[in-house]
Amino acid sequence: MISIALAGKPNAGKSTFYTAATMAEVDVANYPFTTIDANRGVSHARTDCPCLDREARCGNENCHDGKRYVPIELLDVAGLVPGAHEGKGLGNQFLDELTNADAILNVVDAAGETDAEGEPVDVGDHDPLEDVDFIEEEMDLWLAGIVDRNWESVERKSRSPDFDMDEALSDMLTGFGATQADVTACLRELEYSDDPIAWDDEDREALARLIRQRTKPIVVVANKVDLAPEENVERLLDLDKPVIPATAQGELALRRGADRGAIDYDPGDETFEILQEVPDEQRQLLDALRDTMAEWGGTGVQAALNYAVYDLLDQITAYPVQDASKWTDGQGNVLPDAHLLHRGSTPVDLAFQIHSDIGEGYLHAVDARSGRDVGEDYELDEGDVIKIVSTAK
Ligand SMILES: Nc1nc2c(ncn2[C@@H]2O[C@H](COP(=O)(O)OP(=O)(O)O)[C@@H](O)[C@H]2O)c(=O)[nH]1
Ligand SMILES: [Mg+2]
């Protein structure tokens with residue numbers, strides 16, 4: 001499962017984002033509880049369900065009238081402060097938690113109501129632009145520290161006649177989620193000595209930065225836009241990096257309201273409807289939230305998750321079925337499963353993701369939209385419905 005981590009200084013709104021984003025109404029297959037442990041839960045990417053191209057909606061529990069929610073994992077990492085890689089504020093422990101993440105949501109308090117350490121100040125007193133880079137910097141330097149500490153093992157390996165730099169570095173970095181292909185691609189961008197003993201701190205840091213960029217891409221969540229001076233949000237949006245304006249608090253209010261049946265809202269909608277009488281005070285808050293959402297195109301919570309999954313991680317959604325004309329599994333469930341795969345994946349990759357036996361027994365695949373066979377090297381598209389024929393069941 002794709003795993004996304006929330007990082008940021010204390011009080012930026014990570015836990016609010018996490019609580020809102022993991023508040024699923026339904027259990028997820030294989031994940032009977034939406035919270036896996038205290039700070040690891042199930043959230044969703046949102047996409048158009050293929051059932052929109054059919055007469056009837058599929059009725060899957062993760063499909064709300066054609067809005068399809070695909071499970072991903074979300075991690076709420078405790079607050080980081082500048083200097084975390086040196087252990088400041090329990091930093092290393094929290095950085096270690098990021099190891100398992102495929103992408104990072106860097107939650108920034110765009111309202112500037114907290115200082116660099118996350119201590120409260122008056123709204124607008126702290127410049128949120130100062131908070132953007134440090135997460136990246138802390139992660140880079142933390143990884144550089146790991147590379148430094150493990151360099152001796154690379155040096156030791158280099159004494160063997162069949163020493164291979166790419167292989168030795170991938171062995172060291174695999175725990176960080178770097179494949180040999182990642183290492184090779186990063187080494188291509190560096191000038192380096194084939195003898196690890198000749199590497200200095202700067203060489204190792206340069207490698208760590210490239211590996212971090214490649215294996216832990218970051219999207220900035222400009223949070224608290226409901227409170228933020230508009231100028232702050234605009235300046236964040238002007239940065240040369242992906243930035244999504246958001247109000248985690250607004251999303252949480254809407255999800256709670258929807259849960260009670262008081263509000264009609266699906267995560268990622270640009271607006272909402274109030275279904276019940278609400279007290280004046282609450283209505284005013286909701287009206288203000290509606291204006292904020294109109295300005296920024298929604299609460300931004302779903303948009304940030306979707307950006308991480310579909311843009312940073314370049315995923316597509318594919319739907320395996322057993323019956324290519326009815327789009328059902330063996331029990332008659334329409335479009336029972338949605339799988340995220342890297343763009344460029346083939347039906348064979350999909351088969352392996354379903355189960356290694358299905359992958360090993362792979363015979364051929366059918367594009368259920370056209371009813372035609374597709375080749376082994378067919379590149380899956382977003383929303384593809386695929387029947388896989390395999391010797392394994
Ligand atoms: N105005 C506003 N406040 C928010 C928003 N998100 C979080 N907060 C508030 O910011 C404070 C810190 O939030 P929390 O989620 O605990 O931050 P964390 O330390 O990063 O996990 C709490 O008082 C939240 O209610 C938001 O979108 N808008
Ligand atoms: Mg928190």
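# Questions on a predicted model

Modeller: At 29% relative accessibility, S160 counts as partly exposed (between 20% buried and 50% exposed, 1.4 Å probe, protein chains only). This is a predicted model: local features need pLDDT of at least 70, side-chain atom pairs count only at pLDDT 80 or more, and totals for chains, interfaces and linings use all residues. Residues are numbered from 1 along each chain as its sequence is written, chains are lettered from A and ligands numbered from 1 in the order written, and side-chain values use heavy atoms, without hydrogens and water.

Biologist: Which residue does the side chain of S160 join in a polar contact?

Modeller: S160 lies in the loop between α3 (129-157) and α4 (165-173). A polar contact is a pair of N or O atoms within 3.5 Å, one able to donate a hydrogen and the other to accept it; residues adjacent in sequence count only if both atoms are side-chain atoms. At 2.4 Å, the side-chain partner of S160 is D162.

Biologist: Is N60 buried or exposed?

Modeller: Look in the loop between β3 (40-48) and β4 (63-64). Beyond its neighbours within four places in sequence, N60 is in contact (heavy atoms within 4.5 Å) with R68, V334, L335 and P336. Its relative accessible area is 14%, so N60 is buried.

Biologist: How is α1 oriented relative to α8, roughly parallel or roughly antiparallel?

Modeller: Helix α1 (residues 14-21) and helix α8 (residues 248-259) pack with axes 8 Å apart, at an angle of about 30°. Angles under 35 degrees count as roughly parallel, over 145 as roughly antiparallel, 65 to 115 as roughly perpendicular and the rest as oblique. Therefore α1 is, relative to α8, roughly parallel.

Methods
Axes fitted to C-alpha atoms, helices over the stretch in contact; angles between N-to-C directions. Helix = DSSP H or I, 4+ residues; strand = E, 2+ residues; numbered from the N terminus.
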